[in-house]
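Subject: Structure for you to look through

Dear colleague,

Here is the structure I promised to hand over, and below it you will find what I found when I went through it. Please keep it open beside this email as you read.

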Amino acid sequence: MAQLWGGRFTKETDKLVYDFNASISFDKRFYAQDIRGSIAHVKMLAKQGILTEEEEEKIIEGLNGILADVENKTLSITEEYEDIHSFVEANLTERIGDVGKKLHTGRSRNDQVALDMKLYTRDEILEMDGLLKSLLEVLLKLMKEHTETYMPGFTHLQKAQPVTLAHHLGAYFEMFRRDRSRMKDIYRRMNTCPLGAGALAGTTYPLDREYTAQLLEFDGPTLNSMDSVSDRDYLIELLSAMSTVMMHLSRFSEEVIIWNSNEYQFVELDDAYSTGSSIMPQKKNPDIAELVRGKTGRVYGALMSLLTTMKGLPLAYNKDMQEDKELVFDAMDTTKGCLALFTGMLDTMKFRKGKMADSAKHGFTNATDAADYLVNHGVPFRDAHGIVGQLVLYCIEKNKPLDDLTMEEYKAISPVFENDIYEAVSMKTCVEMRNTIGAPGKAAMEKVIALEEAYLAAE
């Protein structure tokens, strides 16, 4: 058992206790960040005269060798080591001798793991931001293609008013755009360097923490050593942001599942993103959308778990905090996987324009426009509302949309109706008349699309 702290103890740790305590099985994933942080630390120690230039060169060469060997798979990170820090230091000492033992000068595993987690989290945030941008690019492409694809808009899952597919997809564009903004906020707020905080009270060595922060591309060092090693706010914020991303993906997945049903038939999923049934040959199941919806609860669970873990911890570091990693790593992997798969599914999805338009018509989404027509012809709104209610009841009995009623049928309910009612209740008119910014009219949508295009180009 490779341990960095054995001097105080007179007998071996029980194997079960050791395994329970060890973190190598999961923290090995940030070996590159651990080595990067160690190289910056060594450069700073040499700058401050704590290490010689020769020692600096020897340690850095050894660290780069370990990194290269891990990445080309000639060196395995095994569970004989307690954690990734032990693995790196033990291998370094084995390669370059006792000078390797100087690597840990002026730091603790507490500030070291805090640094590793921040470096790893920064990389993950950038990767998630890229995945969100790819999703936004697919959404924008579809929005451009479907400014005249009419469909029902819903409230309470009831058909309400006609919109376009571009407008409906645009709502998700706004959600995922906000998700990117949240990621950037977290990156900015977390971007301070904890290295040099020591176990909790700094160190007597004359460290240059500003220099270390600069080498590692942080905005500066953390300003309180106790907070440096016990802060997990940025992980809780990230889990919250990922939970929101997953909530948005889940809502969208729910709609895809509904749209894919036999009752709606708004979309056809690509075979690559669907599965069949082992017993029912007619089935084409939206498994990716269902799994995204299901995995949302997994990310929510990680957020609640870490909040619960942190709620009773006194300052400063406590071993409970080791529980952050498996939760956060799993949530990161889940969110990234769902973003990538959902984007692929959306990009290959076919939209059935005729089905969407027919659904809008037969759902009487133009009923409000029929009432507005009467109001514009001098009928009080409350009376107009009642007249159109009678029209809808009649249409339901006859299984006809408002668009298909004859003039005689219209006039039988109200003599105010004239031939111009057909244009007033057409899907095109109903949508095109709504042109305030943010509305589904084509002119309004084209303005918004231009703004969204500029936003993505600027990024």
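In this predicted model, S38 has a relative accessibility of 0% and therefore counts as buried, the cut-off for that word being under 20%. You will find S38 in helix 3, which covers residues 31-47. If we leave aside the neighbours within four places in sequence, the residues in contact with S38 are L63, L103, R107 and Q112.

One of those partners, Q112, turns up again where two other helices meet, since I84, H85 and S86 in helix 5 touch R109, Q112, V113 and D116 in helix 6. Sorted by class, this contact of helix 5 with helix 6 holds two nonpolar, three polar and two charged residues. Helix 5 takes in residues 84-96 and helix 6 residues 109-145, and the two pack with their axes 11 Å apart, at an angle of about 105°. Because angles from 65 to 115 degrees count as roughly perpendicular, helix 5 and helix 6 are described as roughly perpendicular to each other.

Helix 6 also has a part in the next piece of the picture, as the buried residues of helix 19 pack against helix 6 and helix 7. Helix 19 runs over residues 442-458, and at 1.5 Å a residue its 17 residues should span 24 Å, which agrees with the 24 Å between its end C-alpha atoms. Which residues of helix 19 are buried? They are A444, M445, V448, I449, E452, Y455 and L456. Seen down the axis of helix 19, these buried residues fall within an arc of 130°, so they line one face of the helix. The face turned away from that buried side carries the exposed residues K447, L451, A457 and A458.

Helix 7, covering residues 165-190, is where H168 is found. With a relative accessibility of 13%, H168 counts as buried, because this value, too, lies under the 20% cut-off. Apart from its neighbours within four places in sequence, H168 is in contact with M151, E255 and W259. As for G363, which is 195 residues away from H168 along the chain, the C-alpha atoms of these two residues are separated by 17 Å.

When you go back to the structure, you might begin with S38 in helix 3 and then turn to H168 in helix 7.

With best wishes

How values were computed. Residues are numbered from 1 along each chain as its sequence is written. This is a predicted model: local features need pLDDT of at least 70, side-chain atom pairs count only at pLDDT 80 or more; totals for chains, interfaces and linings use all residues. Side-chain values use heavy atoms; hydrogens and water are left out. Helices (H or I, at least four residues) and strands (E, at least two) are DSSP runs, numbered from the N terminus. Buried means under 20% relative accessible area, exposed over 50%, partly exposed in between (1.4 Å probe, protein chains only). Contact means heavy atoms within 4.5 Å. Axes are lines fitted to C-alpha atoms, for helices over the stretch in contact, and angles run from 0 to 180 degrees between N-to-C directions. Angles under 35 degrees count as roughly parallel, over 145 as roughly antiparallel, 65 to 115 as roughly perpendicular and the rest as oblique. Ala, Val, Leu, Ile, Met, Phe, Trp, Tyr, Cys and Pro count as nonpolar, Asp, Glu, Lys and Arg as charged, and the others, Gly among them, as polar. The expected span of a helix is 1.5 Å times one less than its number of residues. The arc is that of the directions from the helix axis to the C-beta atoms.
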